[in-house]
Amino acid sequence: MISIILSLVLAGSYLIYCSSKKMKAVHNAGDTFLKAIPVEYLKPIGMIILLISATLTMKEQGVEAGAFAFIVYLMGSFSLVNLLLPYKELKWFHLLALFMVAIGIELLSGNLKL
């Protein structure tokens, strides 16, 4: 479940980061899959994804610990997106491979509760 939450937080922070006009102009985000989504919808979609992940985190870890953990996850994901995206080091196939490995480890250890 933690892998799903972290991937949702990372996806939401990526969409919010890509919603700015400066980011689209400077980093050429229009060449990605985001060109199918209008710019004015990126931020609300990202916020909805973050709200879902916050709800899942608080359900999984309790309200107080889940809120604190979500803030830590959010800070980490925004830092990664802000640091790695301008250098073109953050690619979706890398994240997909990492997510698959994390889900595999959670399934093998028996910690995946849905």
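**Figure 1. Leu 90 and its contacts.** Leaving aside neighbours within four places in sequence, Leu 90 is in contact with Val 81, Leu 84, Leu 85 and Leu 95. This is a predicted model, and the view is centred on Leu 90, whose place is in the loop between helix 4 and helix 5. Is this loop residue buried or exposed? Leu 90 has a relative accessible area of 16%, so it counts as buried, the cut-off for that class being under 20%. Have a look at Leu 80 as well: Leu 90 and Leu 80 are 10 residues apart in sequence, and their C-alpha atoms are 8.5 Å apart in space.

**Figure 2. The largest nonpolar core.** Here we step back from Leu 90 to the core that includes it, a set of 12 residues. Its members are Leu 10, Tyr 14, Leu 15, Tyr 17, Cys 18, Met 23, Leu 42, Ile 49, Val 81, Leu 85, Leu 90 and Leu 95. Which helices each supply at least two residues of this core? They are helix 1 (2-18) and helix 3 (39-61). Helix 1 gives the most, with 5 residues. Another core lies apart from this one; it has 9 residues, among them Met 1, Val 9, Ala 54 and Tyr 73. As general background, nonpolar side chains tend to be buried together in soluble globular proteins.

**Figure 3. The whole chain, for orientation.** Before the next close-ups, here is the overall layout. The chain has 5 helices and 0 strands, and from the N terminus on its elements run α-α-α-α-α. Of the 114 residues in the chain, 32% are buried. Among contacts with a separation of 6 or more, 70% join residues 24 or more positions apart. About 7300 Å² of the chain is exposed, and carbon and sulfur atoms supply 73% of that area.

**Figure 4. Confidence along the chain.** The mean pLDDT of the chain is 83, and 86% of the residues reach 70 or more. Where is confidence lowest, and where is it highest? The lowest is in helix 2 (residues 21-27), with a mean of 64, and the highest is in helix 4, at 93. A friendly reminder for reading the views: where pLDDT is low, the predicted coordinates should not be read in detail.

**Figure 5. Thr 57 in helix 3.** The residue at the centre of this view, Thr 57, has its place in helix 3. Its relative accessibility is 0%, which means that Thr 57 counts as buried. What does Thr 57 contact, leaving aside its neighbours within four places in sequence? The partners are Ile 5, Gly 62, Gly 66, Ala 69, Phe 70 and Tyr 73. One of these partners, Gly 62, is the subject of the next legend.

**Figure 6. Gly 62 between two helices.** Gly 62 lies in the loop between helix 3 and helix 4. With a relative accessible area of 29%, Gly 62 is partly exposed. Not counting residues up to four places away in sequence, Gly 62 touches Thr 57 and Ala 67.

**Figure 7. Ser 77 and its partners.** Ser 77 is found in helix 4. Because its relative accessibility is 6%, Ser 77 counts as buried. Residues up to four places away in sequence aside, Ser 77 touches Val 9, Leu 10 and Ser 13. How many residues separate Ser 77 and Gly 12 in sequence? They are 65 residues apart, while in space the C-alpha to C-alpha distance is 9.1 Å.

**Figure 8. A nonpolar patch on the surface.** Phe 68, Ile 71, Val 72 and Met 75 form this patch, with about 420 Å² of accessible area together. Val 72 is found in helix 4 (residues 63-84). Val 72 counts as partly exposed because its relative accessibility is 38%.

**Figure 9. Phe 99 and residues far from it in sequence.** The last view shows Phe 99, which is found in helix 5 (residues 92-109). At 25% relative accessibility, Phe 99 counts as partly exposed. What does Phe 99 touch, not counting residues up to four places away in sequence? The answer is Ser 3, Ile 4 and Ser 7. Phe 99 and Ser 3 are 96 residues apart in sequence, yet 6.7 Å apart in space, C-alpha to C-alpha.

Note on methods
Residues numbered from 1 in each chain as written. Predicted model: local features only at pLDDT ≥ 70, side-chain atom pairs only at ≥ 80, totals over all residues. Heavy atoms only, no water. Patch = residues over 30% accessible without salt bridge, like charges linked within 9 Å, V, L, I, M, F, W, Y side chains within 5 Å. Areas by Shrake-Rupley, 256 points an atom, 1.4 Å probe, with all protein chains shown as cover. Salt bridge = Lys/Arg side-chain N within 4 Å of Asp/Glu carboxyl O. Helix = DSSP H or I, 4+ residues; strand = E, 2+ residues; numbered from the N terminus. Buried < 20%, exposed > 50% of the residue type's maximum accessible area, 1.4 Å probe, protein only. Core = buried A, V, L, I, M, F, W, Y, C linked by side-chain atoms within 4.5 Å. Contact = heavy atoms within 4.5 Å. pLDDT = per-residue confidence, 0-100.
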